[in-house]
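Subject: Structure handover

Hi,

Here is the structure I promised you. Please open it first, then read my notes below.

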Amino acid sequence: MESIKQNPLVKKVGFNRIVLCIVLILMYALFCALTGGSFAGTRRILSALNYAYFLGFLSLAVTFVIATGGIDFSIGPVMFCCALMAGFSFTMYGVPMGGALVISLVVGIAFGIFNGYLVAYWDVPSFITSMASMNIAKGLASVFTKTQSVSWPQSSQDGGWFRSLVTLDGIPMGLIILLVIAVVCAVILNKTKMGRYILSLGSNKEAVRLSGVNVKKWEMSAYVLCGLLVGIAAIFFVGAYTTVQPGYGDQYNNEAIAGCVMGGTSMAGGLASISGTIIGVLIISLLQEGIMALGLDKNLQLIITGVIVIVAVFADVVARRRKN
Amino acid sequence: MGEVILTMKGIDKSFPGVHALDHVDLEVRKGEVHALMGENGAGKSTLMKVLTGIYKKDSGTITYEGKEVEFHNTREAQDAGVVIVHQELNMLGHLTVAQNIFIGREFKKGIRIDDKKMNEEARKLFDRMHIDIDPKETMSNLTVGKQQMCEIAKAISHEAKVIIFDEPSAALTEAEIEELFKIIRDLRDQGLGIIYISHRMDEIKVITDRVTVMRDGAYVGTLITKDCTKDDIINMMVGRVIYEDPKTKNMTPPGAPVVLKVDHLNAGKMVQDVSFELHKGEVLGFSGLMGAGRTETMRALFGADPIDSGDIYVNGEKVTIKSPQDAVKHGIGYLSEDRKRFGIVVQKSVAENTTMADLDEFSNGPFINKKKEKEIAEKFVKELDTKTPGVDQLVVNLSGGNQQKVVIAKWLTRNCDILIFDEPTRGIDVGAKNEIYKLMNQLAAEGKAIIMVSSEMTEILRMSDRIVVMCEGKKTGELDISEATQENIMNMATREIS
Amino acid sequence: MANKSVSKTAGTKKSFIDRMGGQQFIVLIIVIVMFIFFSAMSPGFRKYTTVVSILDYSYYIALMAIGVTFPLLTGGVDLSIGTGLICYSLIGGLLVRQHGMPVAVGMIVTILIGIIFGIINGCLVALMDLPPFLATLCTCMITRGFGAFVVGGYGIPWPAAGQEGGWFRSIFKIQVGGQNIPIGFLWIILLVVIMSFVLNHTKLGRYTRAIGSNKEATRLSGVNVRFYHVMAYVICGLFAGLAAIAYSAIFATVQPGSGAGFEMDAIGGAIVGGVSMSGAVGNVTGTLIGVFVICLLKTGLPFIGLTANWQQIITGFVLIAAVLIDILKRKKEAGN
């Protein structure tokens, strides 16, 4: 075991990521076997990918916040709030589709600013701001839409062009966009000042502050970036599932956090992996599709992701304990 | 002195990479106060942690009351009568004094905790110690000195036979120290064995009967206090390590310009009306008791804590410092007493820590220039002789002294001309200590201005050109090194201010 | 850090407000002012039935809040109480409705499952060292999925008043001459008295507070910290179970998938009532008073023309305001 870990190639790719990839492949094989082969084929894969798009953006979003040592479990409801407010503006107020997409991003960023400001400048614990903005997002969306659900246009309808962001002539555009943005996120995290400061302050905020760095600004920037990515996630959610209902969305929090912590991002902050997050998201998406394909209760997904997060975080706790 | 109550023989303890205790011996008799001496990092605290069951020893024997024992946790040690009064107070600030004293062994009436009886018992303990503390007062409302008395009361209430005092006087005023000594003598006369850990040579002479000296984790020897001189003890503590020669006169070039002037600085209770000047090429020592407000002054001056009033001048110009960002902008760098919490990001590499304060300089737009970063980090690793396998090494894997060098590199990268060293050698082993001293002298000679906060008197006298003394948040004196002695510094540090 | 805030002089003169119980006293006045405000604004509010409905709402929130006060005092939190409440109630109700068990058995099972999840939370936090908000966020999702999974996605109506087994609804409300008498309030008061005693006069309460004040020092004093840390969550689970019964007794049907957000009302109430997010400070009476601020908002806002959705938004801001006050208060203390 140790010798595998010390192999230079394994070290470079990351042991954790290799294990995750193997898990992903085994899961796929398992579902194929359990469904008598009907799981194989592009239909199921495309369906799983549809799920992976919005979840991928959500998971990338929360990766930045967790890297600072915080948490955001308002992302699911905020995503719904973005989709509802943008969609309602399109269907009821005649805002053009381009404008609606911008509204989605703006709403996401606004929540990011709200959360980030309270956490960074007022020292409010991040789980409290999460809890508050989760309810504010739900309430705001309900008030704005007068508690109606909103359906985004089909591709043949007026404004339906936005669906080409998800699939264009059979090409999974969503996957391309997700991977491009993931690369951008990886560059931000590993190659820029912003990423360096986010990771460092997640590891030891006070030391970074005493180095003369404006930690408040950088901590808040992680939340704002998170908000922007949640706004993008909203577009891909409706691109795949069309209809959104006010008052929901929190089931996706845990799945996003699960993808993130499975991928090797530490809940204690300071350590994050974008590629790990993406693989984690693929696992969760495949799991969701598998549960559907097997005709199991979709509530199982909630239970399983809950257990996954507990196990992943506990593994992180044990790893840190051993280091000290 | 009575019969032997506790013997530790050949105690050995290793941590990964460090041989913390190397066959250490210690013997304590009933009715004696036994001093345990040694410089920072000599292994005193580790030895006491082995004794009270916090650490497990690798080898050696502990004999207590004639039987070989091994305590597995503090509870077992307490129950047997070996109690430690910690340097960092282990108190529950939200609970009352009596609740603190009896935590974990409350008196009960049925399922109900009998607070009334606990208060009475606490009162009895305080009467025995001849001190006046209200058992019903909330712990966090007491002064540090009173809290210490509560810790002692707690120790006595355990029916202790051996009490360990770990630097008990570090935070106490002179009157409080006298009170403490009275209590310790009382306990000694009742036949208890007392282990007394302190840095203060004067106290050792006053209160202890015997002294055991440790150095680099090893046992050096045991002396009868009244038969030995301070120099004997110091020689045993320092051993073969050759330190920088102590300064006897101010080495600052005459007419050196004032680079930092602090005028009537106020920041909370711990910093009241502090004024001083710092010259180019000078090492300005800050002495005082624990809690005298030295660190608080430095943090306020550095913008880490808010300032209430007062002016700061850098190179003759008045500056506004509201955050560490402002301070760094004006060329001030701060090396905290608690490196792991305030100085370095341990899970990041040497290079990343080196450029932490000056990342803009090593970036093109938003992107970090990792090549340039690596170059500067390697340059300082060489210049400061930092021992690390490479600049990509995580700082957590470095020793204390080398971590301190990384912090120094951080501020040199930023070209800071004013460096504040807060307890620069705390947690650094004896050998590396001198390297840090040399480095500080070298920096001063190169024209950096240095403030050094230190609780070690020897360090203050060894390094400073001038010395500022603080007590209870106020500046109580300023001395040139040529006129400074331990005695007059101590006088200023314990001056009661009305 | 604790050492920094200790140099206050003893025996400082207490202000009038402090002598009256500090924040609790202020919050009590806020409750009264709010009541007067809503009464003045809306004639519909000034009715006996409104008072009864405020109390109806208050039971399950108050029970959750009393419970969650314990994890909060240890410096942790329990986010699973809201969805947990629904889960326990669904399982208990299912036994009564589909398996013909007596209501009393259903109630006991409801409470037992609450305790079991309390033990799970406690183990995750105290034994496995997971961050409390994360561990309980997971159990929040797990209880939600578990409840819905067990009942197969359908709502469960506990027996209505008058039906067989409907007697349990009269635990909280009895009818005398056509008038509803909200006797549930007496139970709440009784439980507050009991839990105040537990918190202030037993080892369990003392150590709960001690863990929140300084866990390491408590451990070094020889206290079995792990056991008492787990117990704080067990109490929370027990009270979530009691809250589940109150919820089942007040509302006609229990819907799977609901319950998210209830925990915010409870935690918000506790914090408004003076329980500190950083642990050790606060008590059960304060929590109860704080809960009434939340309940008045919940029931009062519709009377001045704001929908239930607004009330969700406003509760969010109230929570943040209460936490901010707590943070500012601590900063001020540290500054002294």
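This is a predicted model. Chain C contacts both chain A and chain B, and I took those contacts one by one.

Chain C against chain A

In this contact, 34 residues of chain C meet 36 residues of chain A. On the chain C side, two elements give two or more residues: helix H6 (132-151) and helix H12 (308-335). H6(C) gives the most, with 13 residues. By class, that side of chain C has 24 nonpolar, 8 polar and 2 charged residues.

Chain B against chain C

Here 26 residues come from chain B and 25 residues from chain C. On the chain B side, helix H2 (74-80), strand S8 (112-113) and helix H5 (144-157) each supply at least two residues. The largest share is from H2(B), at 3 residues. This side of chain B divides into 9 nonpolar, 12 polar and 5 charged residues.

Chain C itself

Chain C has 12 helices and 4 strands. Its radius of gyration is 20 Å, close to the 20 Å that the globule rule gives for 336 residues, so chain C is as compact as a globular protein of that length. Along the principal axes, its C-alpha atoms fill a box of roughly 65 × 50 × 35 Å. Of the 336 residues, 54% count as buried. Take the chain C contacts between residues at least 6 apart in sequence: 77% of them join residues at least 24 apart.

Best wishes

How values were computed:
Residues numbered from 1 in each chain as written. Chains lettered and ligands numbered in written order. Predicted model: local features only at pLDDT ≥ 70, side-chain atom pairs only at ≥ 80, totals over all residues. Contact = placed C-beta atoms within 7 Å. Nonpolar A, V, L, I, M, F, W, Y, C, P; charged D, E, K, R; others polar. Rg over C-alpha atoms; globule rule 2.2 N^0.38 Å. Buried ≥ 20, exposed ≤ 12 C-beta atoms within 10 Å, placed from the backbone.
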